[in-house]
Amino acid sequence: MKNISTRQFSVLGDCGRIYQFMLPEGFCFVEPEEYDMDKIGKCCWKGFDHEEREGPWNRQYEQANYLIQTAPHGTAELDVIIADEQGEYACRAGMWWTPQNKPAYMEPLCTIPEYRGRGLAAAALSEMYRKTKKLGATHMMGGENGFYQKIGYKHAAKWTYWKKR
């Protein structure tokens, strides 16, 4: 049918399960009070492959990064940022949390290309799991990507978008 567009949208991590992926040597978690918005923007720019398609980071979407950080239910203090030995951000995992809802929603999650495949995203989600579990989260939800299934997440929701032509 031409008028239907479907997309698998969410995966679910059960907070009853323990995620203990360790941070690789040479990397560290950045404390929330030390977050640098420019470094976050650059990490997301590279982590979502914009640099490859659109060139180096030059603060093109600085306003968008600010809006994500200050949006209702955006909880920057629950975000997880991982830096390399030089202090450059290598991985970012964002979190949206509302205490009234028990699932915590992860968005965005990215690792810059030169550090992919080293376990940074899995370590970031393990750290995020520890933070949200303390708050009472029952599940962590995120976008569709084979990475999530590899570390134990399950399909949670399939969204169907209807578009009239």
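**Cysteines, strands, helix H4 and aromatic pairs**

In the predicted model, Cys110 has a relative accessible area of 4% and is therefore buried, as this value falls under 20%. Cys91 is likewise buried, with a relative accessible area of 0%. The cysteine sulfur closest to that of Cys91 belongs to Cys43 and lies 6.5 Å away, which is too far for a bond. Cys110 takes part in no disulfide either, the nearest cysteine sulfur being that of Cys44 at 4.0 Å. A disulfide is a covalent bond between the sulfur atoms of two cysteines. Because a pair of cysteine sulfurs must lie within 2.5 Å to be counted as a disulfide, the separation of 4.0 Å between the sulfurs of Cys110 and Cys44 does not qualify. Across the whole structure, zero disulfides are found.

The strands around these cysteines were examined next. Strand S4 (89–96) is mostly covered, with seven of its eight residues buried. It runs antiparallel to S3, to which it is joined by four bridges; within this pairing, Ala83 has Tyr89 of S4 as its bridge partner. The two strands form a hairpin with five residues between them, and Gly87, located in the turn, has a positive phi of about 85 degrees. S4 also pairs with S5, in the antiparallel sense, over five bridges. Here Arg92 stands opposite Cys110 in S5, and a hairpin of six residues joins S4 to S5.

Thr75 lies in the loop between helix H3 (62–70) and strand S3 (80–83). Its relative accessibility is 9%, so Thr75 counts as buried. When residues up to four places away in sequence are set aside, Thr75 touches Met95, Trp96 and Trp97.

Helix H4 comprises residues 120–135, 16 in number. The distance from its first C-alpha to its last is 23 Å, close to the 22 Å expected at 1.5 Å a residue. The buried residues of H4 include Leu120, Leu125, Met128, Tyr129 and Thr132, and the buried residues of this helix pack against several elements, among them S3, S4, strand S5 (103–111) and helix H5 (146–150). Gly136 follows H4 and has a positive phi, near 105 degrees.

Lys131 is part of helix H4. Apart from neighbours within four places in sequence, Lys131 is in contact with Pro32, Tyr35, Glu77, Leu78, Asp79 and Val80. The side chain of Lys131 reaches the backbone oxygen of Asp79 at 3.0 Å. Glu77 is 54 residues from Lys131 along the chain, yet the C-alpha atoms of these two residues are separated by 9.6 Å.

A pair of aromatic rings is described by the distance of the centres and the angle of the planes. The structure holds two aromatic pairs. Phe27 and Tyr115 form an edge-to-face pair, with 5.0 Å from centre to centre and 90 degrees between the planes. Phe27 is in the loop between strand S1 (4–14) and S2, whereas Tyr115 is in the loop between S5 and H4, so this pair ties together parts that are 88 residues apart in sequence. Both rings belong to buried residues, with 13% relative accessible area for Phe27 and 15% relative accessibility for Tyr115. In the pair of Trp45 and Trp57, the ring centres are 6.0 Å apart and the planes meet at 55 degrees, so the arrangement is tilted. This pair links distant parts of the chain, twelve residues apart: Trp45 in helix H1 (residues 37–47) and Trp57 in the loop between helix H2 (50–54) and H3. Trp45 is buried at 3% relative accessible area, and Trp57 is buried at 14%.

Terms used:
Residues numbered from 1 in each chain as written. Predicted model: local features only at pLDDT ≥ 70, side-chain atom pairs only at ≥ 80, totals over all residues. Heavy atoms only, no water. Buried < 20%, exposed > 50% of the residue type's maximum accessible area, 1.4 Å probe, protein only. Contact = heavy atoms within 4.5 Å. Expected span 1.5 Å × (residues − 1). Pairing = 2+ DSSP bridges. Polar contact = N/O pair within 3.5 Å; in protein donor to acceptor, adjacent residues only side chain to side chain. Phe/Tyr/Trp six-rings, centres within 6.5 Å; stacked < 30°, edge-to-face > 60°.
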